[in-house]
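Student: I have this structure open and don't know where to begin. Can we go through it together?

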Amino acid sequence: MDKKEIEARLKELRQEIDRVDRTILDCLKRRYSIVKEVGHLKRKLGVEVLDLNRERAVIKKILEENQGIFPENSLKAIFLEIVHTCRTAQELQKVAYLGPEATFSHMAALKFFGQAANFLPQESVLDVFEETESGRTKFGVVPVENSIEGTVSATLDAFSDYKLKVCGEVFIPVSHDLLNQTGRKEDIKKVISHPHALAQCRKWLRKNLPSVPVEEVSSTAFAARWAAVDPSVAAIASSLAARTYHLQAVATSIEDFHGNVTRFWVIGKESPGPTGKDKTSLFFSISDRPGALFEVLSSFAKRQINLSKIESRPAKNEPWHYFFFLDCDGHIKDQKVKECVEEISKICVRIEWLGSYPAGEEN
């Protein structure tokens with residue numbers, strides 16, 4: 001092909017791309033309109049808008065029909081955003097999260113709800129619970145545990161005071177950058193961040209900034225906001241925080257252990273129905289006698305129900321007494337999980353179902 005033929009062919013292909021783009025846009029508008037009508041019918045039936053089982057099935061079917069032709073990760077991201085955006089046609093999702101903007105909690109909220117939701121940052125985990133229980137927001141997003149530093153105790157303890165359910169979980173890979181206004185290490189007079197972030201980077205800080213003091217603040221994003229107005233301060237925060245607050249990276253990926261992941265819970269007033277791949281979270285206390293905890297755990301073992309987490313927390317008003325938090329595979333409506341909970345209810349002094357929800361993807 002000569003130059004003129006190549007240019008003519010390029011023009012044809014670009015025109016074809018334009019036609020495809022218009023078709024995609026027409027389909028998106030049609031989908032949005034259909035989902036809006038679905039939402040209207042759901043409200044008439046008194047059915048919850050959030051249907052994670054249906055959304056998961058939609059994505060799975062799309063990936064199967066793709067047959068690997070379009071890059072799978074990109075296709076999944078595209079359709080997740082379409083599904084999340086169309087969800088707002090049924091009901092605008094108001095979501096509280098541990099702020100300010102650009103925290104890892106914010107990243108988890110974006111991953112679960114998409115860009116179209118109305119996100120409202122809160123100053124503390126308890127504020128997220130308060131906003132959600134009051135109904136001022138439909139959902140909240142809070143950190144529950146980190147793969148290195150362990151449980152976020154404020155989240156677990158809040159369930160004692162707020163009558164909310166876990167209705168989803170999100171896993172966010174955690175990578176920390178050292179950020180300041182100039183990108184120069186010699187300008188740093190103090191390093192600030194959330195206690196977990198500082199703990200996850202302590203070896204790097206000891207090696208690279210041994211004489212620089214560190215200070216704990218309420219969040220990584222708050223640290224970034226501080227660094228944005230104080231040239232002597234460096235923040236340990238995410239790359240999203242760097243973009244949001246116009247900071248420069250002094251160093252990237254400074255966490256001591258790579259593969260660090262934080263698990264977040266989506267909280268609300270109702271838990272979704274079974275999807276076939278679920279988790280159930282429970283909160284319970286037992287009498288102070290030998291074998292009581294063994295009896296509880298045996299109820300799960302004999303039914304071959306896998307426990308993915310169990311942790312004790314001190315009872316605030318009863319010194320040396322403890323509550324237990326437990327995650328198991330399956331949904332509360334699954335027969336063997338239901339039978340197990342009924343059995344341990346006879347053993348426990350107190351038991352509460354915190355929610356059953358689709359198991360999140362850890363990658």
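Tutor: Begin with the inside, and keep in mind that this is a predicted model. The largest nonpolar core has 21 residues. Phe129, Val142, Phe159, Val166, Trp265, Ile267 and Leu354 have the most contacts inside this core.

Student: Which elements give two or more residues to this core?

Tutor: Two helices and five strands are to be picked out here: helix 5 (125-134) and helix 6 (153-158), then strand 1 (94-98), strand 3 (139-146), strand 11 (261-268), strand 14 (322-329) and strand 15 (348-358). The largest share comes from helix 5, with 3 residues.

Student: And which domains does it draw at least three residues from?

Tutor: Domain 2 (94-174) and domain 4 (272-358) each supply at least three residues of this core.

Student: Why would residues like that sit together?

Tutor: As a general tendency, nonpolar side chains in soluble globular proteins are buried together.

Student: How much of the chain is buried?

Tutor: Of its 363 residues, 45% count as buried.

Student: You mentioned domains. What are the bounds of the others?

Tutor: The domain assignment also gives domain 1 (3-87) and domain 3 (177-251). The centres of domain 3 and domain 4, taken over C-alpha atoms, are separated by 40 Å.

Student: What does the C-alpha trace of the chain span, then?

Tutor: About 90 × 60 × 40 Å along its principal axes. The secondary structure of the chain comes to 12 helices and 15 strands.

Student: Does UniProt say anything? I like having labels.

Tutor: There are two labels to look at, and each comes from an unreviewed entry. UniProt annotates residues 94-269 as "domain: Prephenate dehydratase", and it places "domain: ACT" at residues 281-358.

Student: How much helix and strand is in residues 94-269?

Tutor: That span is 31% helix and 32% strand, and its end C-alpha atoms lie 13 Å apart. For residues 281-358 the values are 27% helix and 42% strand, with the end C-alpha atoms 11 Å apart.

Student: New topic: holes. How many cavities of 30 Å³ or more are there?

Tutor: The structure holds 1. The space in the largest cavity is about 50 Å³.

Student: What lines the largest cavity?

Tutor: Leu156, Trp265, Ser281, Leu282, Lys309, Phe325, Leu326, Asp327 and Leu354. Trp265 and Leu354 are also among the residues with the most contacts in the largest nonpolar core. By class, the cavity lining divides into 6 nonpolar, 1 polar and 2 charged residues.

Student: Which strands supply at least two residues of that lining?

Tutor: Strand 12 (278-286) and strand 14 do. Strand 14 has the largest share, 3 residues.

Student: And the largest pocket, what volume has it?

Tutor: About 1000 Å³. Its lining has 31 residues, and those closest to the centre are Ile59, Lys76, Leu80, Lys111 and Glu361.

Student: Which element gives the most to that lining?

Tutor: Helix 3 (72-90), with 9 residues. Helix 2 (52-66), helix 4 (104-113) and strand 5 (165-173) each supply at least two residues as well.

Student: How do the lining residues split by class?

Tutor: Into 13 nonpolar, 7 polar and 11 charged residues.

Student: Last thing, the backbone. Where is there a cis peptide bond?

Tutor: From glycine 99 to proline 100, with omega near 5°. Proline 100 is in the loop between strand 1 and helix 4.

Student: Which residue has a positive phi of about 60° although it is not a glycine?

Tutor: Histidine 246. This histidine 246 is in the loop between helix 10 (239-244) and strand 10 (248-251).

Student: Is histidine 246 buried or exposed?

Tutor: Histidine 246 has a relative accessible area of 66%. Exposed means over 50%, so histidine 246 counts as exposed.

Student: What about serine 253, what is its phi?

Tutor: Near 50°, again a positive value in a residue other than glycine. Serine 253 lies in the loop between strand 10 and strand 11.

Student: How does serine 253 count for accessibility?

Tutor: As partly exposed, because its relative accessibility is 35% and that class runs from 20% to 50%.

Terms used. Residues numbered from 1 in each chain as written. Predicted model: local features only at pLDDT ≥ 70, side-chain atom pairs only at ≥ 80, totals over all residues. Heavy atoms only, no water. UniProt positions renumbered as here; feature names shortened; annotations may be inferred. Helix = DSSP H or I, 4+ residues; strand = E, 2+ residues; numbered from the N terminus. 1 Å grid on protein atoms, 1.4 Å probe; cavity = no way out; pocket = protein on both sides within 12 Å on 5 of 7 lines; lining within 4 Å. Points joined across faces, edges and corners; volume = space filled by probe spheres on them. Nonpolar A, V, L, I, M, F, W, Y, C, P; charged D, E, K, R; others polar. Domains from an automatic or database assignment. Core = buried A, V, L, I, M, F, W, Y, C linked by side-chain atoms within 4.5 Å. Buried < 20%, exposed > 50% of the residue type's maximum accessible area, 1.4 Å probe, protein only.
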